[in-house]
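Open the model in your viewer and keep the sequence panel visible. The stops below run from the whole chain to single side chains.

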Amino acid sequence: MTIWGTGEKVKHYFADELVKEVEITGAQFLVKFLEHKGVAQVYGLPGATNLPLYEAVLEGEYMRIINVRNEQTAIFMADGYARSTEKIGICTIASGSGATNLLTGFYSANEDSVPLIAFIDFQEVQDGGIVERAQSVTKATYLVTKASDLPKVMSEAWKAANQGRKGPVLVNLPLKVQKEFLKINLENYLVKENAEPVRAMQVTDSQLEQVYTLIKEAQNPVLMVGGGVALGSSGEDLIDLAQLLQIPVVSSLMGKDCFPNYHPLYAGMAGTMCQTPLGEKTLLGADLVLNLDGGINSWSAEKINCLKEGCKIIHIRADQKDVTDQNSTELMITSDIKNFLRKLSRFIRDRQYEPSREALERIELLQIERTRIDRLRDLGYGPLKPEQAIVEVRKGLRPDAIVTLDHGLSQIWANQLHEAYEPRTFLITDRAAAPGWGLGAAMGAQLAYPERQVVNVVGDASLSVSLQELATAAKHNIPVVVVVFQRGLGLAAVAKGMGVEAELVEKPKQITDALARAFSAYRPYLIEILVDPGAQSSVGFPGTMNSVREVS
């Protein structure tokens with residue numbers, strides 16, 4: 001009988017063709033499964049009930065556990081890792097209140113279609129445990145009662161997180177299951193895991209013909225993009241389609257980084273809060289909206305009936321979830337976004353489509369309008385305005401820098417004024433709007449890309465929720481940069497007390513130099529920017545796009 005344990009035994013097993021079955025603990029199996037899937041990092045908080053899993057990770061040679069100060073941050077880190085990489089984020093925590101601290105993170109990932117798996121040990125199942133409580137905010141939940149069920153459960157859980165509309169999965173892994181042995185032909189099992197195809201939902205030729213006809217008939221068509229484009233790694237396919245059709249691109253809240261913001265076809269963002277004047281005007285004037293997973297809610301387009309009378313809408317989504325008003329829907333297509341974009345581009349090229357002269361003139365006018373109605377960015381008088389601080393921060397970053405946002409005014413200002421150039425570089429939490437999310441997400445993204453610049457732009461109130469995690473960044477030497485908009489003084493001193501380098505900035509021209517010092521330190525760093533306490537943001541009142549009040 002072979003007991004699975006150290007890395008040396010792993011190598012010996014695969015070298016010996018006579019060995020067909022091994023006996024390993026549930027925790028050891030789980031680690032081997034995750035390593036086979038390419039998981040290198042797990043975020044968590046240890047306790048008596050998940051120590052076997054921790055020990056199994058330490059026995060291995062590939063995975064690493066990053067310990068946090070609060071369980072919520074563990075799932076936020078897994079979330080940020082997943083959003084920035086297209087991979088599944090993994091976290092683990094112990095039982096009790098630690099498990100309930102994950103619920104906000106589950107809700108955020110579920111609403112934004114982010115794939116992650118959380119392992120917990122909650123023993124009090126008979127009393128209405130965390131599995132039942134989490135079902136409404138996860139894509140799938142599993143309670144494992146014996147170790148022999150783990151191979152089947154993990155196969156299902158991985159697929160649930162990563163296929164169709166992606167989302168978070170909870171696996172309740174009791175202590176006894178982690179310690180219990182199971183027998184398995186691990187090599188055959190892992191080979192079978194590799195052979196399982198990922199099934200993408202396909203658009204039909206009939207649907208493509210309908211879309212093509214509607215595009216040809218439209219006078220003012222618009223591509224509206226949501227987060228599903230970036231989550232499906234379809235940015236290049238979107239650029240190809242937009243350039244082929246020569247029609248403007250407008251992004252919803254989650255779609256800001258799906259299309260290069262400097263591109264001549266990019267009109268901007270649309271919404272009641274996170275919008276740009278040109279993006280708003282372009283969407284409101286459309287007679288056809290090709291909606292690629294764009295959210296229709298109070299942060300983006302609010303209600304469909306605020307659009308131009310007679311405007312037709314084509315929804316393309318991984319499923320029909322979250323389309324709140326289908327009265328104006330001309331066509332609903334359930335399809336993988338990448339599959340749809342590629343097939344539509346091929347379909348259009350096969351018909352030798354050429355954009356009309358009017359369409360090309362419209363794009364030329366788009367550039368003129370962008371300059372004419374753009375927001376004022378250089379506010380060189382009085383106290384430092386957050387709007388100008390956002391612009392200066394962008395100047396100090398590389399094109400591929402990853403920026404994470406918390407909820408609140410800092411997120412609204414950044415959505416309106418920060419320019420995103422590459423997919424998966426502008427990370428926000430949409431529906432949950434969880435304060436404290438940004439720092440955890442930034443640390444997860446930084447660990448995924450050690451060579452990239454990663455910045456958490458945050459307000460002082462939101463940072464107070466996750467302030468303890470500055471110590472996490474210091475302990476693990478995660479070189480994330482926190483840029484905090486402060487209306488008082490003191491956060492820089494607190495950060496230094498936690499082992500994080502920090503400085504205070506009061507003038508706009510100091511911001512890029514501060515960022516240069518932060519990145520060259522290659523240590524966690526906090527830049528406290530003192531901004532005008534009376535600053536306001538441009539938002540829609542009473543929550544509709546056509547009532548946005550500009551504030552300078």
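Helices (H or I, at least four residues) and strands (E, at least two) are DSSP runs, numbered from the N terminus. On that basis the protein chain has 23 helices and 22 strands. This is a predicted model, in which local features need pLDDT of at least 70 and side-chain atom pairs count only at pLDDT 80 or more, while totals for chains, interfaces and linings use all residues. Residues are numbered from 1 along each chain as its sequence is written, and side-chain values use heavy atoms, with hydrogens and water left out.

**Whole chain**

Select the protein chain and show its surface. The accessible surface (Shrake-Rupley method, 1.4 Å probe; for residues, only the protein chains shown count as cover) comes to about 21,700 Å², and 51% of it belongs to carbon and sulfur atoms. Of the 552 residues, 61% are buried, meaning under 20% relative accessible area (over 50% is exposed, in between is partly exposed; 1.4 Å probe, protein chains only). Among contacts (heavy atoms within 4.5 Å) with a separation of 6 or more, 76% join residues 24 or more positions apart.

**Helix H15**

Next, select residues 337-350, which are helix H15. Its 14 residues reach 20 Å from first C-alpha to last, close to the 20 Å expected at 1.5 Å a residue; the expected span is 1.5 Å times one less than the number of residues. At the N-terminal end, Asp336 acts as a cap, with a side-chain oxygen 3.3 Å from the backbone nitrogen of Lys338. After the helix comes Gln352, with a positive phi near 55°.

Which residues of H15 are buried? They are Ile337, Asn339, Phe340, Leu341, Leu344, Ser345, Phe347 and Ile348. Their cover includes helices H11 (205-217), H12 (227-231) and H13 (235-245), and strands E12 (288-292), E13 (312-317) and E14 (329-334).

**Aromatic rings**

Rings of Phe, Tyr and Trp (its six-membered ring) pair if their centres lie within 6.5 Å; planes under 30 degrees apart are stacked, over 60 edge-to-face, the rest tilted. The whole structure holds nine such pairs. Select Phe29 and Phe33: their pair is tilted, at 6.3 Å centre to centre and 40° between planes. Because they sit four residues apart in helix H2 (residues 26-36), about one helical turn separates Phe29 and Phe33. Both Phe29 and Phe33 are buried. Add Trp158 and Tyr189 to complete one aromatic cluster with Phe29 and Phe33.

**Charges over rings**

Finally, select Lys256 with Phe426, then Arg452 with Tyr449. A charge sits over a ring if NZ of Lys or CZ of Arg is within 6 Å of the ring centre and within 35 degrees of the ring normal. Lys256 lies over the face of Phe426, 5.5 Å from the ring centre. Arg452 lies over the face of Tyr449, at 4.6 Å from the ring centre.

Key:
A polar contact is a pair of N or O atoms within 3.5 Å; within protein, one must be able to donate a hydrogen and the other to accept it, and residues adjacent in sequence count only if both atoms are side-chain atoms.
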